[in-house]
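User: Please walk me through this model with a few questions and answers.

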Amino acid sequence: CHPGSRRGPCDVRAVHVFLDGMSYQTVRAKHVFIAVWKTPELSDGPLIVHDAKRAFAEVGQPVLFISVAPVDSPPPPEELRKYMGEHVDEMLEYCSELHIVIEGSGFMNSAKRLAMASIVLVSGRRKRMFVQEGLASLRAVVKPADREALTQAIRRGQMEGVLKSAAASDG
């Protein structure tokens, strides 16, 4: 696979869905990469960084990386949070922006978003890392150039059963 290639499995016009049997599933359309968590595990840390790097290499440009924690997804274990904190700079080498979507309303999900937003704020990466309530709010804040690929990734994720939330069906 060569960055910018328009042939074979690296065709950047294609929409890819990866069902890796891990504790997350991924969907990609063009340069938009969505990882939907089921049960986060420490072993997924290196894999998610590798997936971002692979997507970057395949599309030949930084990817818009979206991490989705569904309403019923447990929080990541402390070891995974630590790993991701230590490797966020590496992730941002491959990503134009990193959006963390923590779905759901109510006190617990709001508290999770607030905690994540606080981490982003003190990290000094608030211009490239963002916390969202759902995919509908994400659509409103991404750059206009990213919206078509985001819509394609969301639709593919819905068709494949990777994205199931009500927020994914808005728009």
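The turns below cover a helix pair, the cores and a strand.

User: What kind of model is this, and how are residues numbered?
Analyst: This is a predicted model, in which local features need pLDDT of at least 70, side-chain atom pairs count only at pLDDT 80 or more, and totals for chains, interfaces and linings use all residues. Side-chain values use heavy atoms, with hydrogens and water left out, and residues are numbered from 1 along each chain as its sequence is written.

User: How are helices α1 and α2 oriented, roughly parallel or roughly antiparallel?
Analyst: Helix α1 (residues 44–59) and helix α2 (residues 78–94) are DSSP runs (H or I, at least four residues). They pack at an angle of about 10°, with axes 9 Å apart; axes are lines fitted to C-alpha atoms over the stretch in contact, and angles run from 0 to 180 degrees between N-to-C directions. Angles under 35 degrees count as roughly parallel, so α1 and α2 are roughly parallel.

User: Which element gives the most residues to the largest nonpolar core?
Analyst: A nonpolar core is a set of buried (under 20% relative accessible area, 1.4 Å probe, protein chains only) Ala, Val, Leu, Ile, Met, Phe, Trp, Tyr and Cys residues joined through side-chain atoms within 4.5 Å. The largest has 23 residues, and I48, F65 and M91 are among those with the most contacts inside it. The most, six residues, come from α2.

User: How many residues of strand β2 are buried?
Analyst: Y24, T26 and R28 on one side of β2 are buried, as are Q25, V27 and A29 on the other. Strand β2 (residues 24–29) is therefore largely enclosed by the rest of the structure, its buried residues being six of the six.

Methods
Helices (H or I, at least four residues) and strands (E, at least two) are DSSP runs, numbered from the N terminus. Angles under 35 degrees count as roughly parallel, over 145 as roughly antiparallel, 65 to 115 as roughly perpendicular and the rest as oblique. Buried means under 20% relative accessible area, exposed over 50%, partly exposed in between (1.4 Å probe, protein chains only).
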